[in-house]
Amino acid sequence: MELKTKRLRIVSLNIEQMAQLCEGQNKLNDSLGLVPGNVAQDEHLQDAFREMHQQCCEHLKDYLWHTNWQIVLNEENKSIGSIGFRGPSNDRHEVEVGYGIDKNYQNQGYATEALKAICDWAFSQNVYYVQVQTEQDNEPSKKVLGKCGFKQVGSGDEGLLFELEKPASAWMPIYMCLGMSVGLSIGLSLNKMAVGICTGLVMGIALGTALDSDDKKKRKRD
């Protein structure tokens, strides 16, 4: 899976690539054909990658929700950070995401760009709420979250909890117009244009209203 933005590629790692990442970023760079970098081997981060790899192996069908996604800067063909989820959505349609940008590439909007892209992808996968935790004094992270539209909703087990809700759907006007178009075509073919338009309109409104109602039902967390 690969997401593309104006300046970035956000690439999900498969099981084999996750194993390579556990051995070191430079080995993964070779596998992906990326420009090598002077990557410091942070043992805490490597432990996290090993845990992610294990989760990917245990949840093959949902590995995209457990794997690491490399943030690649197109201009340099270089990995400049990572982003990923802490598992698939729960029964409240929530997922949590974490991210990081290499120090030399911070404060250039890359984290904002990558976070927006992966949130859009998550919302296309029956997710309604994306959550992020950040430390109280992490002002740069708060700034990124603000630019992406996240709002603070409380505290989690690792810091302040921020959340972005999927935009509400508006299927009714779309299907109303589609129904009118289909009804018009049918009406013209049967020489009963008024009947065709009315029938198509009613069907379009009914279908659009049902889809909007389903959307509202799924985002309820009572």
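**Figure 1. Q133 is buried at 17% relative accessibility.** The view comes from a predicted model. Q133 lies in strand β6. Under 20% relative accessible area counts as buried, so Q133, at 17%, falls in that class. Leaving out residues up to four places away in sequence, Q133 touches R86 and E96. Q133 also touches G156, D157, E158, G159, L160 and L161. One of these, E158, is 25 residues from Q133 along the chain. The C-alpha atoms of Q133 and E158 are nevertheless separated by 6.4 Å. Another partner, G159, sits in the turn of the β7-β8 hairpin.

**Figure 2. Strands β7 and β8 form a hairpin.** Strand β7 covers residues 151-155 and strand β8 covers residues 160-165. The two run antiparallel and are joined by 4 bridges. G154 stands opposite L161 of β8. There are 4 residues between the strands. In the turn, G159 has a positive phi of about 150°. G159 and L161 are both among the residues that Q133 touches.

**Figure 3. Eight strands make an open sheet with mixed pairing.** The order is β1-β2-β3-β4-β5-β6-β8-β7. Strands of a sheet pair through backbone hydrogen bonds, either parallel or antiparallel. Which strands stand at the edges? They are β1 (2-4) and β7. Each has a single partner strand, so one side of each is left without a neighbour in the sheet. From one strand to the next, the twist averages 30°.

**Figure 4. Strands β5 and β6 run parallel.** Strand β5 spans residues 94-101, and strand β6 spans residues 129-134. They are joined by 3 bridges. E96 has Q131 of β6 as its bridge partner. Helix α5, residues 139-147, packs on the sheet here. It touches β5, β6 and β8. The direction of α5 makes about 165° with that of β6. Angles over 145 degrees count as roughly antiparallel, so α5 is roughly antiparallel to β6.

**Figure 5. S141 is a buried residue of helix α5.** The relative accessible area of S141 is 10%. That is under the 20% cut-off, so S141 counts as buried. Which residues does S141 contact, leaving aside its neighbours within four places in sequence? They are Y99 and T134. Y99 falls within β5 (residues 94-101) and T134 within β6 (residues 129-134). Helix α5 touches both of these strands.

**Figure 6. Helices α4 and α5 pack at an angle of about 45°.** Helix α4 is built from residues 110-123. The axes of α4 and α5 are 9 Å apart. The angle makes α4 oblique to α5. The crossing is right-handed. On the α4 side, the contact is made by A111, T112, L115 and K116. On the α5 side, V144, L145 and K147 take part. What is the make-up of this contact? Its residues divide into 4 nonpolar, 1 polar and 2 charged.

**Figure 7. Helices α1 and α2 cross at roughly 145°.** Helix α1 is made of residues 15-23, and helix α2 of residues 25-32. Their axes come within 5 Å. Helix α1 contributes Q17, Q20, L21 and E23 to the contact. Helix α2 contributes Q25, K27, L28, S31 and L32. These residues divide into 3 nonpolar, 4 polar and 2 charged.

**Figure 8. H93 and N126 have positive phi.** H93 is not a glycine, yet its phi is about 60°. H93 sits in the loop between β4 (78-85) and β5. Is H93 buried or exposed? With a relative accessible area of 15%, H93 is buried. N126 is also a residue other than glycine, and its phi is near 65°. N126 is found in the loop between α4 and β6. N126 is partly exposed, at 37% relative accessible area.

**Figure 9. The protein chain has 7 helices and 8 strands.** The chain contains 222 residues, of which 40% count as buried. Among contacts with a separation of 6 or more, 60% come from residues 24 or more positions apart.

Conventions. Residues are numbered from 1 along each chain as its sequence is written. This is a predicted model: local features need pLDDT of at least 70, side-chain atom pairs count only at pLDDT 80 or more; totals for chains, interfaces and linings use all residues. Side-chain values use heavy atoms; hydrogens and water are left out. Two strands pair if DSSP finds at least two bridges between them. Axes are lines fitted to C-alpha atoms, for helices over the stretch in contact, and angles run from 0 to 180 degrees between N-to-C directions. Contact means heavy atoms within 4.5 Å. Angles under 35 degrees count as roughly parallel, over 145 as roughly antiparallel, 65 to 115 as roughly perpendicular and the rest as oblique. A crossing is left-handed if the near helix is turned anticlockwise from the far one by less than a right angle, and right-handed if clockwise. Ala, Val, Leu, Ile, Met, Phe, Trp, Tyr, Cys and Pro count as nonpolar, Asp, Glu, Lys and Arg as charged, and the others, Gly among them, as polar. Buried means under 20% relative accessible area, exposed over 50%, partly exposed in between (1.4 Å probe, protein chains only).
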